[in-house]
Amino acid sequence: MKKLYYYKGANPYPKSKKGSAKSPSLLRPIIILTVFFAFLGFAVYGVLQTVPKVKNSIATARSLAVAAPPAAITGPELPKIQAEISRDKGWKFAELKTDCPDVKTLAYLTPLLSTEEEYTDYKISSLREKVLKEFPYLKTLELKKGKVSDKLWLTCSTRKAVASVKQGDSVMLIDETGALYPGWDGEDTSVLLSIENEGPKAGSFDKNFVDLINAYTAIKKDLAFVRVITNADKSRVIMADGSAIIFNDSANIKEKTKTVLKILKYRKEKTPFNLDLTYYNAKKAYLTEVTNGKK
């Protein structure tokens, strides 16, 4: 026989009998507590193992402080990172290898090196700066420790002059970078372009000045002038007889040179002259004869 149940509200199902629900299990809380106390035990064990090491480190630091008090430290600031100190350990070399072409550099440097001494990176760098200061015509100088050998490698290169520059009573050489340096025995200066700077004395020159030198060097074989005189942004070349050709700058210098050669070809006088190309862009060139040193 089917039983018929009556209910109210939205619950269409009969209520279960009291006492039929099962009691909640205690297994899950026990597992969670076990894992928690296990992690806690490992943490305590790690702390107990670390404490003696920390005590030993503190004791070592105190003994080092007593052995080397701060008042005894002199000179430049010491590296603060231990890795930097170990990286710059002393190093001895057994052989000096070089491809430096300058015998003066070798003669100067060799007595400063000894296979009995230890060389740190700082000491090697100081030697390099000392040699460069002694020989300013050196463009590069490198002293390198052998990575897998006990050889000390010396390489160098010398500057290549593009002209000689006179400023007042001093004459210096100038290289392709615009740097000035004293002349030396290994370079023939007789074939170089001679420049006289009438402007403010400079310790070096910029790229525009070097470009001007290169431009005049390119036309020297055509005009056969003896020197170039510069003053700020103006320049002129001086011929063997004292004649002056005023170019001012190196713009269109090859075309200007062709114009100068045409004028000189049809010029009948053989006396010194001044030829001014300042207004070349306006297609004008002014030729002035010089007699007894006067225009």
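**Close-ups of charged pairs**

**View 1. K97 is partly exposed, at 30% relative accessibility.** Before going further, keep in mind that this is a predicted model. The partner to look for here is E95, whose side chain meets that of K97 in a salt bridge. From N to O, the gap is 3.8 Å, so the pair makes it under the 4 Å limit for a salt bridge. E95 counts as partly exposed too, with a relative accessibility of 35%.

**View 2. E117 and K123 join their side chains in a salt bridge.** Here the N to O distance comes to 2.7 Å. How exposed is each partner? E117 has a relative accessible area of 35%, which makes it partly exposed. K123 is partly exposed as well, at 31%.

**View 3. K207 pairs with D211 in helix α5.** This one is a salt bridge, and its closest N and O atoms sit 3.0 Å apart. Where do the two residues lie along the helix? Helix α5 covers residues 207-223, and K207 and D211 are 4 residues apart in it, so about one helical turn separates them. K207 is exposed, with 62% relative accessible area, because anything over 50% gets that label. D211, at 31% relative accessibility, is partly exposed.

**The wider picture. The model has 12 salt bridges in total.** The pairs shown above are among them: K97 with E95, E117 with K123, and K207 with D211. As a general idea, side chains carrying opposite charges can pair up when their charged atoms come close.

Terms used. Residues are numbered from 1 along each chain as its sequence is written. This is a predicted model: local features need pLDDT of at least 70, side-chain atom pairs count only at pLDDT 80 or more; totals for chains, interfaces and linings use all residues. Side-chain values use heavy atoms; hydrogens and water are left out. Buried means under 20% relative accessible area, exposed over 50%, partly exposed in between (1.4 Å probe, protein chains only).
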